[in-house]
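User: Please give me a close reading of the aromatic side chains in this model. I would like to know how they pair, how far they are covered, and how they relate to the nonpolar parts of the chain.

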Amino acid sequence: MSDMVLIWEWLGFAVRWLHVVTAIAWIGSSFYFIALDLGLIHRPHLPDGVKGEEWQVHGGGFYHIQKYMVAPASLPEHLTWFKWESYATWLSGFLMLVIVYYVGAELYLIDRTVMDLSAPVAIGISLASLAGGCLIYNALCRLLQGKSDTVLMVLLFFVLVAMSWGYTQVFSGRAALLHLGAFTATIMSANVFLIIIPNQKIVVADMKAGRTPDPVYGVIAKQRSTHNNYLTLPVVFLMLSPHYPLAFATEFNWLIAALVFLMGVTIRHYFNTKHARKAAPNWTWLATATIFLVIVWLSSFSPFGDDETEAKAPSAFVSVMQAHPDFEEIAGIVQGRCSMCHAREPFWDGIHVAPKGVYLETKEEIARQAWSIYVQSAVTHAMPPGNLSGITREERQLLKAWFER
């Protein structure tokens, strides 16, 4: 049992690491090219078809970059395609979703006080929502193609607000915000896979065939790339949110998630305007700070039925863990070493909310969290942090034997 837990935990760690690394690569290249595009300067001497050029210095060398609005007169020998960062980010993120929320559906995906779902049904809803998001987004983009980009972004925002509320009506708070991030990231990666790269391939194929490429393909790809630019920062927030109960375990978690998208717009608007060498819109920082303070205020509202918000393990599992002959001693260890922080009103200095929204005050709650206790305090010594409560080696061994039984 312990070997399998070790392997499973390291698998999750490895995939999470991969996801972070690929996301850094994707975000970095995306932000770079948006900044480059906005900073291009048009000069009279440029070749036909060139929108502008940019001189940059980095790593001890100078770079001279030119952008063609559609394509150059002849195809260069080598083209660097920026796509695998996006694909690897989505694939590793989806694998994390499987490892944490699908395999651990009863603990992390389902909250029976929100909606009483079986694991297969909850997973089915999750998959359908991710696919449905792409269909809705693409339908809106096609409907408003060549029309107002602002109207399109406003409609997309309302879709995201609706999905934010909808997810909180189906899944646990932690899973709801994570799914909103996955919903948005799926749209972003689909933009690359279904629109941006295919459109670029059409242009390349036209050039190879001696045809003049249609500029509309570049216009559409640019629109989707811009959408990705404004959606990136909210997705990062939502992917981090499962680690912060103040974001997901509150009454207005759906509204907090929606407001994060507005912060993403104000922050990116500032930097995009600066990259375009226009007057800095300093008002965006006041707007961002105001939205953030509203989020802080909203996080102070406890969820309805506060005692029942935590995702529950199956009742049969809880019963088995409570039936262990040493359970009374186990419960005493956990209550003595852990519940000062993992309580509805923590009394450890500096702790104002139970870490990760996990409560360990009652015997049922302790039995319900057997897996987490086992991993965090028996297999590893992550908890208590710095062993501040002085848990002993013998107590850790007892916790380990309790779970492995």
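Analyst: Trp 371 is a suitable place to begin: with a relative accessibility of 25%, this residue counts as partly exposed. The model is a predicted one, and every value below is computed from it. Phe 403, by contrast, is buried, because its relative accessible area of 7% is under the 20% limit.

These two residues belong to a wider set, in which 17 aromatic pairs are counted. One of the pairs joins Phe 94 and Tyr 102 edge-to-face, with 6.2 Å from centre to centre and 85 degrees between the planes. Phe 94 is partly exposed at 26% relative accessible area, whereas Tyr 102 is buried at 9%. The pair of Trp 371 and Phe 403 is likewise edge-to-face, at 5.9 Å between centres and with planes 65 degrees apart. This pair connects distant parts of the chain: Trp 371 lies in helix α14 (residues 370–379) and Phe 403 in helix α15 (residues 393–404), 32 residues apart. The angle of 65 degrees is over 60, so the arrangement is classed as edge-to-face and not as tilted. Elsewhere, Tyr 32, Phe 33 and Phe 82 make up one aromatic cluster.

Aromatic residues also figure in the nonpolar interior. The largest nonpolar core has 45 residues, and the members that touch the most others are Leu 109, Tyr 167, Phe 171, Leu 177 and Phe 183. At least two residues of this core come from each of α2 (84–102), α3 (105–109), α4 (119–143), α5 (149–168), α6 (173–208), α7 (216–240), α8 (245–248) and α9 (253–275). Helix α6 makes the largest contribution, with 13 residues. Beyond its neighbours within four places in sequence, Tyr 167 is in contact with Ser 129, Leu 130, Ala 176, His 179, Leu 180 and Phe 183. A second core of 23 residues is separate, and includes Met 321, Ile 391, Leu 398 and Leu 399. As a general tendency, nonpolar side chains in soluble globular proteins are buried together.

Some aromatic side chains lie on the surface instead. Leu 6, Trp 10, Phe 13, Trp 17 and Val 21 make a nonpolar surface patch of about 600 Å². Within this patch, Trp 17 is placed in helix α1 (residues 2–39). Trp 17 is classed as exposed because its relative accessible area, 62%, is over 50%.

These details can be set against the whole chain. The protein chain contains 15 helices and two strands, and its C-alpha atoms fill a box of roughly 85 × 45 × 45 Å along the principal axes. Of its 405 residues, 43% are buried. The accessible surface amounts to about 21,300 Å², and carbon and sulfur atoms account for 67% of it. Among contacts with a separation of 6 or more, 68% are between residues 24 or more positions apart; the pair of Trp 371 and Phe 403, at 32 residues apart, has a separation of that kind.

One backbone feature outside the aromatic set may be added. Arg 277 is not a glycine, yet has a positive phi of about 60 degrees. Arg 277 is located in the loop between α9 and α10 (283–298).

Methods
Residues numbered from 1 in each chain as written. Predicted model: local features only at pLDDT ≥ 70, side-chain atom pairs only at ≥ 80, totals over all residues. Heavy atoms only, no water. Patch = residues over 30% accessible without salt bridge, like charges linked within 9 Å, V, L, I, M, F, W, Y side chains within 5 Å. Areas by Shrake-Rupley, 256 points an atom, 1.4 Å probe, with all protein chains shown as cover. Salt bridge = Lys/Arg side-chain N within 4 Å of Asp/Glu carboxyl O. Helix = DSSP H or I, 4+ residues; strand = E, 2+ residues; numbered from the N terminus. Buried < 20%, exposed > 50% of the residue type's maximum accessible area, 1.4 Å probe, protein only. Core = buried A, V, L, I, M, F, W, Y, C linked by side-chain atoms within 4.5 Å. Contact = heavy atoms within 4.5 Å. Phe/Tyr/Trp six-rings, centres within 6.5 Å; stacked < 30°, edge-to-face > 60°.
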